[in-house]
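Trainee: I would like to learn how to read a structure feature by feature. Could we go through it together, with the general idea before each case?

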Amino acid sequence: MNQTRTFLLFALVAVAYLLWNAWEKDYGPQPAAPTVAAASSASTPAVPAAADGSVPGASVPATPSVPSNEAPKATMGDKAQLITVTTDVLRLTIDTRGGSLVRSELLGYPVTPRTKKDPDPASIRLLDDTDSHFFAAQDGLISGTGPAPDHRALFQASQTSYTLTKGQDALNVDLTWTDPSGLKVTKRYTLHRGSYVVDLSQQIDNGSAKPCTGNAYRQLQRVIPPPPVHSNFRAKFSDQSRYSFFGAAWYSPEHKFDKLAFDKFAKEPLNQPVTGGWLAMEQHYFVTAWLPPATEADTFSTTVINDQDGPRYLVRDMGPSITVAPGQSTTTDARLYIGPKLRDQLAALAPGFELALDYGIFSIVASPLHWILAHLHHLVGNWGFAIILLVLLINVAIYKLSEAQYVSAARMRKLKPRMDALKERYGDDKQKMQQAMMELYKKEKINPVAGCLPILITIPIFFALYTVLRESVELRQAPFVGWIHDLSAADPYFVLPVLYMGVMLMTQWMMPTQPGMDPTQAKMMKFMPLMFGVMFAFFPAGLVLYYIVNGLCRLAQQWWVTRRIDRAEAAKALVSR
């Protein structure tokens, strides 16, 4: 395989991969609003949601009734309140109707990069109470033996605003629900400084005259938001969120990591017993996940809810049965993560949680690349310079392979006059021409396929690094120098793609012409720099930076090897005289 065909193969694979992703996003199967069976249907799977999103039966002695979509009659006259909770990294909004988290803002992650014109842009919002972007983290209790506060019950709070003050490491937010029978539930959210984890505890005090039996549950419920509006085709094609997974994900020690896209919720519903796992909703760069206790035997499930504004997608973690005797109390616990996909932080929270940062089929290469990049960034403090150092490390690692390629290329350049003579001798007889060339290669100890291996190694690195730049939140809005304010986005002024075109032209100039090359192939080679320049205009700037530096390294190596061989040939000729 010569270098020309290798370059063409690389271009074909890259373009096919990008076109396939774009086609799937634009024209592939889209989530539809399926018909959700009624809660009383015999075909309803275990632990489903009713059509109104309420919680049906659980594993209790008496089957609890399905809570209605309205508030209990005892609280119909009361009005729910919104509570704002602010820490150094999160701003949450809690609705006292159900004690649900209905809004979350990540204060360290602005929607757009900070600039002089806009020094304080709006923060990324994950949980959202608007109709078009609805996304809520809900929890509650259900019981078959009496009343219990589900995610529609009205709770009471002592204040409507909480702020983590200077010197304070934790902040508690208490919500209470009481029943005339004597049952009392205190829901406590605890937030910590510098953490995206929200601790949840529900203390059940049974002041009634009979045992209380039921289940605790946690769930995430959301709609698919409308696609972002882009100003032009380049902005749309460069939007990396188009190619990221968007849907539900979970982990269990037995079955490991798994995920379910929204368009498969109705066809492949989840209903799985899990001990020591987690359940999440994933999107580009960020994840929202319930982390139940490691020893708790839960049931994970998914369903689609029909709503007047469109389908809602729900994932639920149903806890085991709880019984509280009269005069006794018990507490259920869980954690909620609302934040970025920071691999090390996720790994420290729960087994397998780091897999929420999903690199797909390129994980075997992408994970080590991310690890190396993170350490290089720690060393230099700039992700762009970390990418440059990564290029240098890779080139050092494969230098011997590259050297063999350049030695072969340099020797072939020396053989060009003899190859031209063979071409004149055999004319259009390509078979004899190839045989004569192979004999010449063998005589001069030249390996014509020596250039294939380094490029074949580069191809998986290319796609793996593309995935790392696309999925790693650390590189989101990460500046490099000058006009590059976001290495995960395309170069706004096309400077890097043009520089890469220049590098490719220099590479072609130094590359020996392949004898007997097909005229069509030769024309395609001339257009290769333009093809790659156009393709890289849509790629993340960090990836184009990687290939510019890599191309310069290869040019330097090729120049050095060619110069060394020229000197050796000159010395040999001098000695022969």
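Trainee: Is Cys 553 buried or exposed?

Mentor: Buried means under 20% relative accessible area, exposed means over 50%, and partly exposed lies in between, with a 1.4 Å probe and protein chains only. Cys 553 is buried, because its relative accessible area is 15%. Before we go on, note that this is a predicted model, in which local features need pLDDT of at least 70 and side-chain atom pairs count only at pLDDT 80 or more, while totals for chains, interfaces and linings use all residues. Residues are numbered from 1 along each chain as its sequence is written, and side-chain values use heavy atoms, with hydrogens and water left out.

Trainee: How many disulfides does a search of the whole structure find?

Mentor: A disulfide is a pair of cysteine sulfur atoms within 2.5 Å, and the search of the whole structure finds zero of them.

Trainee: How many cavities of 30 Å³ or more are found, and which residues lie nearest the centre of the second largest?

Mentor: On a 1 Å grid over the protein atoms alone, a cavity is a set of points where a 1.4 Å probe fits but cannot get out, and its lining residues have an atom within 4 Å of a point. Grid points are joined across faces, edges and corners, and the volume is the space filled by probe spheres set on the points. Two cavities of 30 Å³ or more are found here, and the second largest holds about 70 Å³ of space. Its lining has 13 residues, with Leu 141, Ile 142, Ile 204, Cys 212 and Gly 214 nearest the centre. Two or more lining residues come from each of strand E5 (135-143), strand E8 (183-192) and strand E10 (212-222), where strands are DSSP runs of at least two residues (E) and helices are runs of at least four (H or I), numbered from the N terminus. E10 gives the most, with four residues. Cys 212 counts as buried because its relative accessible area is 14%.

Trainee: Which residues other than glycine have a positive phi?

Mentor: Among them are Lys 256, with phi near 60 degrees, and Tyr 285, with phi of about 75 degrees. Lys 256 belongs to strand E12 (residues 256-261) and is partly exposed, because its relative accessibility is 45%. Tyr 285, by contrast, sits in the loop between strand E14 (278-283) and strand E15 (286-291), and counts as buried because its relative accessibility is 6%.

Conventions. On a 1 Å grid over the protein atoms alone, a cavity is a set of points where a 1.4 Å probe fits but cannot get out, and a pocket is an open set with protein on both sides within 12 Å along at least five of seven lines; lining residues have an atom within 4 Å of a point.
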